[in-house]
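Work through the exercises below with the model open. Each task is followed by a worked solution.

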Amino acid sequence: MASIHDVAKEAGVSVATVSKVLNDYPDVSDKTRKKVNIAIELLKYQPNVVARGLVKRRSWTVGVLLTVPFTNPFVSELLEGIKTALENSGYDLVRLSTRFDDPGYSFIKHCRSRNVDGVVVFGEGRDNKSIEELVQAEIPTMFIDTDLFGKRAGYITTDNSNAIAMSVKHLHELGHRKIAYISGTLGPAVANLRLEGYREGLRECGIPYSTVYLEVCDYSFEEGSKAARRLLALKDQPTGIVCASDMAAFGAIHEIEKHGLSVPEDISVVGFDNTYYAQVFKPGLTTINQNIYSIGIKSIEYLIAMIENPDYSPPVITEPSNLVVRQTTAPAKG
């Protein structure tokens with residue numbers, strides 16, 4: 001296996017010059033840099049990542065904190081985007097575990113013990129003290145769907161309010177007037193914005209808002225099913241249901257069919273996420289597409305930009321969304 005000394009000899013330069021090229025020092029001419037890179041390629045030299053880390057005070061790893069189950073299709077698509085962005089970046093990924101229920105636990109200390117250069121966070125609200133400390137500690141961080149930002153922290157999310165309003169208007173255009181909403185757990189910004197979108201969509205359609213048609217769940221299949229069960233127990237059942245996640249929508253459809261009703265002939269259903277399963281589910285789920293894969297990619301790209309440039313201003317990004325119409329919505333009966 002070739003050493004850094006072999007590369008220096010092949011390129012006709014000093015070991016110190018090779019080291020400068022490997023660590024992107026600016027005081028190396030383009031001609032010399034090219035000679036060193038040719039020697040590296042010719043000898044198939046593999047730089048020592050640990051040594052590079054000591055020079056640059058980096059570990060070349062980023063941590064990801066996910067408190068949502070890996071079985072959730074949103075998470076799997078998000079991780080696919082993260083994985084794609086990390087390929088050829090020189091950084092590796094570490095999954096960070098947590099013990100937030102332990103009063104003596106410090107997430108900051110945990111990050112430092114793992115020596116990560118930066119962190120991507122998804123699934124934790126801003127009311128988590130450990131997460132707020134992450135911002136204050138100025139560890140480069142990108143939040144997904146959590147509205148926290150600071151000197152070294154940015155966040156990326158979807159245009160949640162307009163997306164849900166779009167769903168309500170879609171059902172209204174199909175003749176629906178009794179439109180229910182299965183919300184995510186209220187409190188976090190994403191859930192609150194989506195509820196605002198539901199209320200705004202009703203207002204724009206001239207439909208009065210009523211808490212009778214509002215159910216709250218945790219975005220899961222099981223909770224979506226329970227929420228739909230309560231809506232179906234109403235004397236005046238909804239003819240259309242907007243859900244805050246695809247999984248809740250699948251649960252709602254399952255419950256509707258258990259009651260001997262049909263989707264979309266009796267009740268139309270709209271989801272949110274446009275996960276892979278929305279395409280293969282039968283009937284195909286009408287849903288909001290929020291570019292999950294792209295969000296995963298951008299979260300890493302912005303994080304690496306922060307890690308490599310201390311003066312980089314962390315972004316606050318709102319990704320556009322669009323409605324994908326499939327087979328779970330149809331004109332209201334009558």
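**Exercise 1.** Classify T329 as buried or exposed.

Solution. T329 has a relative accessible area of 10%. Buried means under 20%, exposed over 50%, and partly exposed in between, with a 1.4 Å probe and protein chains only. T329 is therefore buried. This is a predicted model: local features need pLDDT of at least 70, side-chain atom pairs count only at pLDDT 80 or more, and totals for chains, interfaces and linings use all residues. Residues are numbered from 1 along each chain as its sequence is written, and side-chain values use heavy atoms, leaving out hydrogens and water.

**Exercise 2.** Place T329 and find its partners.

Solution. Start with the segment: T329 follows β12 (322-324). Strands are DSSP runs of E, at least two residues; helices are runs of H or I, at least four; both are numbered from the N terminus. Next, list contacts (heavy atoms within 4.5 Å). Beyond neighbours within four places in sequence, T329 touches H170, L171, L174, P264, S268, V269, V270 and T286. Finally, look at the side chains. T329 makes a polar contact of 3.0 Å with the side chain of H170, and one of 3.0 Å with that of T286. A polar contact pairs N or O atoms within 3.5 Å; within protein, one must be able to donate a hydrogen and the other to accept it, and residues adjacent in sequence count only if both atoms are side-chain atoms.

**Exercise 3.** Locate E173 and relate E173 to A330.

Solution. E173 lies in helix α8 (residues 160-173). Its relative accessible area is 67%, so E173 is exposed. E173 and A330 are 157 residues apart in sequence, yet 9.9 Å apart in space, C-alpha to C-alpha.
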